[in-house]
Amino acid sequence: MNATDLRADILKHLEFSLGKDLAHATLYDIRMALTLAVRDRVVTPWFAATRATYAAKSKRVYYLSMEFLIGRLLEDAIHNLGLMQAAQEAMTSLDADFAAVLADEPDAALGNGGLGRLAACFLDSMSTLGCPGYGYGIRYEHGLFRQSFHEGRQVEEAENWLRQRHGWEFERPEAAFQIGFGGSVSEAGKTALWTPGEAVIAKAYDTPTIGWQGKWANTLRLWGAEPVRAFDLAAFNQGDYAGAAGLEAAARTISRVLYPDDTTDTGKELRLKQEFFFTAASLRDIVRRFQAEHSDLRALPTKAAIQLNDTHPAIAGPELVRILHDENDMPLDEAILTARATLSYTNHTLLPEALERWPEALMARVLPRHMQLIERIEDTHRSAYPKSAVRIVEGGDVKMGELSFIMGHKVNGVSALHSDLVKTTVFAELHALHPDRIINQTNGVTPRRWMLGANPRLSALITDTISSGWVADLERLRELEPHVADAGFMAAFADAKRANKVELSNWFGHEHGQSVDPDAMYDVQIKRFHEYKRQHLNILETIALWTEMRDNPNAGWTPRVKIFGGKAAPGYVMAKEIIHLINDVATVINADPVTSQWLKVVYPPNYNVSMAEKLIPAADLSEQISTAGKEASGTGNMKFALNGALTIGTLDGANVEIREQVGAENFFLFGMTAPEVVACRENPEHQADAIKASPRLKAALKLIEKGIFSDGDDKRYKAILKNLRKHDYFTVCADFDSYYDCQRQVDAAYRDADQWMRMAALNTARSGWFSSDRTILGYMADVWDIKPMI
Ligand code: OX2
């Protein structure tokens, strides 16, 4: 593909798809014309992959996820199709600024954080590996809210990614299913007949997901909700315009917004409806596709593997049983076994508030037949294991974790430590009954987006050094190891990092009006705000460091820029206070002339995938400081290590495996282990003891309390202070000294620039195992029983 052909196609789309001539084309027009020209080139491999799958009657995987945090797609597709040079040349020939064109694409933020981004990385890897499959989710009209700061406080605004045409999707009016809610159930022989009281239409929108080198493409099928009857004409004719449109509005509400909660259950009826809506539509589609090729539904597990991404699609268990039993007359026991052999479940968190429970009464009202079937499923469990105390329905709630476990043939955690904790904590009893069911599949990230796309400088150096095979086989980064002894390679590695830092510094300058020194250490904590992730530990240490710098200005401080990014769920008061505190601390510290040469705090608002792509390649230090036992895996931690940042972290989630891979000497470890945290909490005075033992922590808390960061307002951070002093469940205080001391080791290490760079390069060279290709191959072998088609 050369630039001339691509240019001709861009001009064709400008004229015939967008109705513009070049002289009047806006940035949007150019971006859309390029998108369509690139999309044209995705279609052929996409059809080929679909045909090959049909021809082979291959088993397919169906990844059911409430969230797909895919971000921008254009640059990724250009990379995967090998069109980078052609696209650059075509843009230059059209007098367009290629970087601006790429940046014009809105982020598709159909997810909150790690869980949704993991699903997006998995789509990329499935297509790269030729694993036939579909992602199924919701086409939210509004993705995750846009964050801004007003006097340091988070303000949320609706995001509107569909305001402009979404160039990647194909609308499928023919692929539509009616999805019911409520109503009643009547007996019909051995089965039952569910007559829903209301219904909406689920309409499909398909986005092809192209793999590396365009060898395979799968489909991301997102469902949009529409009314069964568009419009109440009778009401309209009587002048009731709002009433006439009400039906439509009510139906569309279901796919209107992404719930902005990360790891907390909202308990809203709408959320339950969203979950059933996309799960039921996906199952209908899956069964329809199966029945087009096969007649005996008992063979479903040999042709379909359905992965439940957390419990959000857990209603798939009873719904599949309903389809098999009520609609296709399969005996109930067999229907349960068939559904179980088809389904598997990934657990992403142990936080009790995140393990979904639905009030039985709500479930019975919204999904009356499913409530009955959940009870049948529980009966089956109880008759198979009469001594088991496990209940799906307990204390008036339906527990979706137990339901998912019992209805899945495999249950996996997302890091080695997390999978062990799944076995010993939440599902200990079920694990004893089914010792082979829980397995581990440590998360991974796609090297196409998180190295090739985000870090072109380092990518070019790696390719020059070991050739390009690493992009599809990330373990080959190990071949970089011998080059760490080569001064030329190391100089180039350092140059790439430095250039990324200069670029980020420029971005801070023109986007946020803040200048930061590219020679300072870039110390980055970017992730959702949650107490367990402990952004407050980081800001407390920042305060303590600032105090120390003021007291000892001649101590030879290592210059640092503390960079924060992330959003808090709008209803999570404590997380929002932590955001406020960080912004307040930043204002005071950044204005201090005594320390300004060594310490800056920057917190650009509205952190998203595109911002991560800027920050990660420029980072020196990666903050992975969660309370041990709380972060299931983390995936940001992997992206940083891959891009040559050193981690300061606890033994939590995948940090444990990162440290094993990169070597303990190339990782800054601090804090209590998961069992130590549990033991620490047994002492009710643990926070008071820790504060007493740490003059620095005590002083930092005092400064906050005195209103030093809040214009003298000594009440502003009452809640945080009380929490830390009295109920420090996340053991910020108990880990503080260890963290502070570890940061000073980081300072010392950074001062030896050559040694630091060697450690950074070893992080890159030894992060190959964290490719999502490795993760997907694990699922294919251990869970889905599917072989690659290419
Ligand atoms: C996240 C987990 O918090 C994170 O540790 C993990 O890396 C990610 O999922 C992908 O597995 N919502 N988000 C998560 O869990 C839930 C629930």
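Visitor: In what order do the nine strands of the open sheet stand, and what is their pairing called?

Guide: In this predicted model, the order is E7-E10-E11-E4-E1-E12-E13-E17-E18, and the pairing is mixed. On average, neighbouring strands of this sheet are turned by 25° against each other, with direction ignored.

Visitor: What makes E7 and E18 edge strands?

Guide: Strand E7, residues 170–181, and strand E18, residues 438–440, each pair on one side only, and that is what marks them as the edges of this sheet.

Visitor: Why do E1 and E4 count as a pair of strands?

Guide: Pairing requires at least two bridges between the strands, and four bridges join strand E1, residues 60–64, to strand E4, residues 133–138, so the two strands pair. They run parallel, and within this arrangement the bridge partner of Tyr-63 in E4 is Gly-135.

Visitor: Which helix lies across strands E12 and E13?

Guide: Helix H12, residues 332–342, lies across strand E12 (304–309) and strand E13 (343–346), and the helix runs at about 50° to E13.

Visitor: Why is Gly-413 called buried?

Guide: Buried means a relative accessible area under 20%, and Gly-413 has 0%, so the residue is buried. Gly-413 is placed in strand E17, residues 410–413. Not counting residues up to four places away in sequence, Gly-413 touches Asn-347, His-418, Ser-419, Ile-439, Asn-440 and Gln-441.

Visitor: What makes E15 and E16 a pair in the other open sheet, the one of three strands?

Guide: At least two bridges are needed, and E15 and strand E16 (residues 397–399) pair over two bridges in the antiparallel sense, so the requirement is met. One of the bridge partners is Val-398 in E16, which is matched with Val-393. The sheet has the order E14-E16-E15, with strand E14 (357–359) and strand E15 (393–394) at the edges. Helix H15, residues 400–407, lies across E14 and E16 and runs at about 40° to E16.

Visitor: Why is the link between Asp-124 and Arg-448 called a salt bridge?

Guide: The name applies when a side-chain nitrogen of Lys or Arg is within 4 Å of a carboxyl oxygen of Asp or Glu; here the closest N and O atoms are 2.8 Å apart, so the pair qualifies. Asp-124 is in helix H6 (residues 114–129) and Arg-448 in helix H18 (residues 447–453), which are distant parts of the chain, 324 residues apart.

Visitor: Are Asp-124 and Arg-448 buried or exposed, and what shows this?

Guide: With the limit for buried set at under 20%, Asp-124 has a relative accessible area of 7% and is therefore buried, and Arg-448, with 1%, is buried as well.

Visitor: What makes Glu-226 and Lys-203 a salt bridge?

Guide: Their closest N and O atoms are 3.1 Å apart, which is within the limit of 4 Å, so this pair also earns the name. Glu-226 is in strand E11 (residues 217–227) and Lys-203 in strand E10 (residues 198–210), 23 residues apart.

Visitor: What ties Arg-744 to Glu-541?

Guide: Arg-744 forms a salt bridge with Glu-541, the closest N and O atoms being 2.9 Å apart. Arg-744 lies in helix H30 (residues 732–751) and Glu-541 in helix H21 (residues 535–551), so the pair ties together parts that are 203 residues apart in sequence. Both Arg-744 and Glu-541 are buried, and both belong to a network of salt bridges that also links Asp-523, Arg-560, Lys-562, Glu-623 and Asp-747.

Visitor: How many salt bridges does the structure hold?

Guide: The structure holds 58 salt bridges.

Visitor: What does UniProt list for Lys-639, and why does this residue count as buried?

Guide: The unreviewed UniProt entry lists Lys-639 as "modified residue: N6-(pyridoxal phosphate)lysine". Lys-639 is at 6% relative accessibility, which is under 20%, so this residue counts as buried. Lys-639 lies in helix H24, residues 636–642, and touches Arg-117, Val-445, Trp-450 and Ile-616, not counting residues up to four places away in sequence.

Visitor: Which residues touch the most other members of the largest nonpolar core?

Guide: They are Leu-34, Ile-78, Ile-179, Phe-277, Met-363 and Trp-784, in a core of 169 residues. A second, separate core of 79 residues includes Leu-540, Ala-586, Leu-703 and Phe-709.

Technical notes. Residues numbered from 1 in each chain as written. Predicted model: local features only at pLDDT ≥ 70, side-chain atom pairs only at ≥ 80, totals over all residues. Heavy atoms only, no water. Core = buried A, V, L, I, M, F, W, Y, C linked by side-chain atoms within 4.5 Å. Buried < 20%, exposed > 50% of the residue type's maximum accessible area, 1.4 Å probe, protein only. Axes fitted to C-alpha atoms, helices over the stretch in contact; angles between N-to-C directions. Contact = heavy atoms within 4.5 Å. UniProt positions renumbered as here; feature names shortened; annotations may be inferred.
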